[in-house]
Amino acid sequence: MPFNRNQLFRGLLVIVLFFSMSATTFADTKVFARWSQTKSYKNDLGSELDVRATYYSAEYIEALVKQEAEKNLWTENEMEQYKYQLLSGLNLNEYIPVHVEFDNRGPSMHLAPFDSFLTLWVGKNKLTPADYDKRFNFGFQGKREGLVFFPRYDNKGKSYLEGVKTIRFAMAGAISSVTINLSTIDFVWDVARDNPEALYTGRAAARLELDRLIKRIEKLNAEKRELEGKLSELNAELNTITHRVEELQRQ
């Protein structure tokens with residue numbers, strides 16, 4: 001068979017692309033494993049419980065968007081739309097979101113109120129949920145998942161994450177009869193390597209900024225109307241007092 005350079009080139013190209021895609025997949029797998037952790041438990045009665053907690057770091061979100069885009073063969077516009085919707089739902093400008101997932105293969109779990117079982121340790125700060133998926137408050141067996149939101153800023157507007165190297169998400173062992181003997185179920189993430197600013201590039205970021213600015217304008221306009229109303233009341237009272245002073249001076 002005669003030597004065919006084109007066939008050789010195509011063969012080499014396929015091999016290069018295969019190893020390139022494999023390396024990319026491996027890198028993404030490491031990213032997912034770094035930020036999404038699973039703890040598995042089993043008791044003597046055969047009941048089992050898997051608990052997964054995910055921290056939405058910048059590299060995790062980017063890897064997730066990339067994975068969904070490749071799986072669904074999205075265009076760039078579709079990928080940006082997905083990223084915009086994801087970031088809007090996570091509300092990273094105000095909160096530290098954590099995704100929680102249970103796979104309960106045992107007695108029903110009753111977690112109401114769910115936030116009483118949860119703590120986020122950020123440095124020395126002990127944070128309690130600002131909001132969470134209320135479906136966790138209903139008893140269940142099998143799978144249940146949802147988001148928990150912790151405050152990102154203190155009363156002075158300073159980020160709790162500033163200067164912090166690691167954070168610990170603690171869930172009380174009392175969530176289940178399978179883990180009742182545990183004090184807490186802990187998930188620890190190295191947030192020092194996170195770079196949230198990396199998320200805010202591209203069209204999705206521009207849309208998020210636009211949303212934020214529109215909300216800010218609405219808030220400022222509401223404050224302006226309130227101040228104008230107070231100013232109108234003050235002017236009316238001032239006119240009344242001035243008029244009365246003039247009357248008294250003429251007597």
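Trainee: Why is the contact between Arg105 and Asp50 called a salt bridge?

Mentor: This is a predicted model, and in it the closest N and O atoms of Arg105 and Asp50 are 3.1 Å apart. The cut-off is 4 Å between a side-chain nitrogen of Lys or Arg and a carboxyl oxygen of Asp or Glu, so the pair qualifies.

Trainee: What makes Arg105 and Asp50 a tie between separate parts?

Mentor: Arg105 belongs to strand β3 and Asp50 to strand β2 (residues 48–55), so the bridge joins parts 55 residues apart in sequence.

Trainee: Is Arg105 buried, exposed or partly exposed, and what makes it so?

Mentor: Its relative accessible area is 36%. Buried requires under 20% and exposed requires over 50%, so Arg105 is partly exposed.

Trainee: What makes Lys42 and Glu48 a salt bridge?

Mentor: Their side chains meet at 3.8 Å, N to O, and the limit is 4 Å. The partners fall in separate accessibility classes: Lys42 has 59%, which is over 50%, and therefore counts as exposed. Glu48 has 24%, which lies between 20% and 50%, so Glu48 is partly exposed.

Trainee: Which residues do the salt bridges link into a network?

Mentor: Lys42, Glu48, Asp50, Asp103 and Arg105. In the whole structure the search finds 13 salt bridges. As a general point, side chains of opposite charge can pair when their charged atoms come close.

Trainee: How do you know whether Asp103 is buried or exposed?

Mentor: Asp103 has a relative accessible area of 18%, under the 20% limit, and is therefore buried. Its place is in strand β3 (residues 95–109).

Trainee: What makes the approach of the Asp103 and Arg105 side chains a polar contact?

Mentor: The distance is 3.0 Å, and the cut-off for N or O atoms is 3.5 Å. Beyond four places in sequence, Asp103 touches Glu48, Leu49, Asp50, Gly142 and Lys143.

Trainee: Why are Glu62 and Lys83 counted as a salt bridge?

Mentor: Their side chains meet at 3.1 Å, N to O, which is within the 4 Å limit. The pair links distant parts of the chain, with Glu62 in helix α2 (residues 58–72) and Lys83 in helix α3 (residues 76–90), 21 residues apart. Glu62 has 31% relative accessibility and therefore counts as partly exposed. Lys83 has 6%, under the 20% limit, so Lys83 is buried.

Trainee: How many aromatic pairs does the structure hold?

Mentor: There are 15. One of them is Tyr56 with Tyr60, an edge-to-face pair.

Trainee: What makes Tyr56 and Tyr60 edge-to-face?

Mentor: The centres are 5.7 Å apart, within the 6.5 Å needed for a pair. The planes stand at 80°, and over 60 degrees counts as edge-to-face. Tyr56 and Tyr60 are both buried.

Trainee: Why is the pair of Phe187 and Trp189 called stacked?

Mentor: The planes are at 15°, under the 30 degrees allowed, so the pair is stacked. The centres are 6.4 Å apart, inside the 6.5 Å cut-off. Phe187 has 0% relative accessibility and Trp189 has a relative accessible area of 1%, so each is buried. Ring pairs link these two with Trp35, Tyr55, Phe150 and Phe169 in a cluster.

Trainee: How do you know that the charged end of Lys39 sits over the ring of Phe187?

Mentor: The charged end of Lys39 is 4.7 Å from the ring centre of Phe187, and the distance limit is 6 Å. Lys134 likewise lies over the face of Tyr132, at 4.4 Å from the ring centre.

Trainee: What makes β1 and β6 edge strands?

Mentor: The sheet is open, has five strands in the order β1-β2-β3-β7-β6, and its pairing is antiparallel. β1 (36–42) and β6 (131–132) each pair on one side only.

Trainee: How do you know that β3 and β7 pair?

Mentor: β3 and β7 (residues 140–151) share 11 antiparallel bridges, and at least two are needed. Ile96 stands opposite Phe150 in β7.

Trainee: Why does Leu64 count as buried?

Mentor: Its relative accessibility is 14%, under 20%, so Leu64 is buried. Leu64 lies in helix α2, and beyond four places in sequence its contacts are Phe32, Tyr82 and Leu86. Leu64 and Leu86 are 22 residues apart in sequence, with 9.9 Å between their C-alpha atoms.

Methods. Residues numbered from 1 in each chain as written. Predicted model: local features only at pLDDT ≥ 70, side-chain atom pairs only at ≥ 80, totals over all residues. Heavy atoms only, no water. Helix = DSSP H or I, 4+ residues; strand = E, 2+ residues; numbered from the N terminus. Buried < 20%, exposed > 50% of the residue type's maximum accessible area, 1.4 Å probe, protein only. Polar contact = N/O pair within 3.5 Å; in protein donor to acceptor, adjacent residues only side chain to side chain. Contact = heavy atoms within 4.5 Å. Phe/Tyr/Trp six-rings, centres within 6.5 Å; stacked < 30°, edge-to-face > 60°. Lys NZ or Arg CZ within 6 Å of the ring centre and 35° of its normal.
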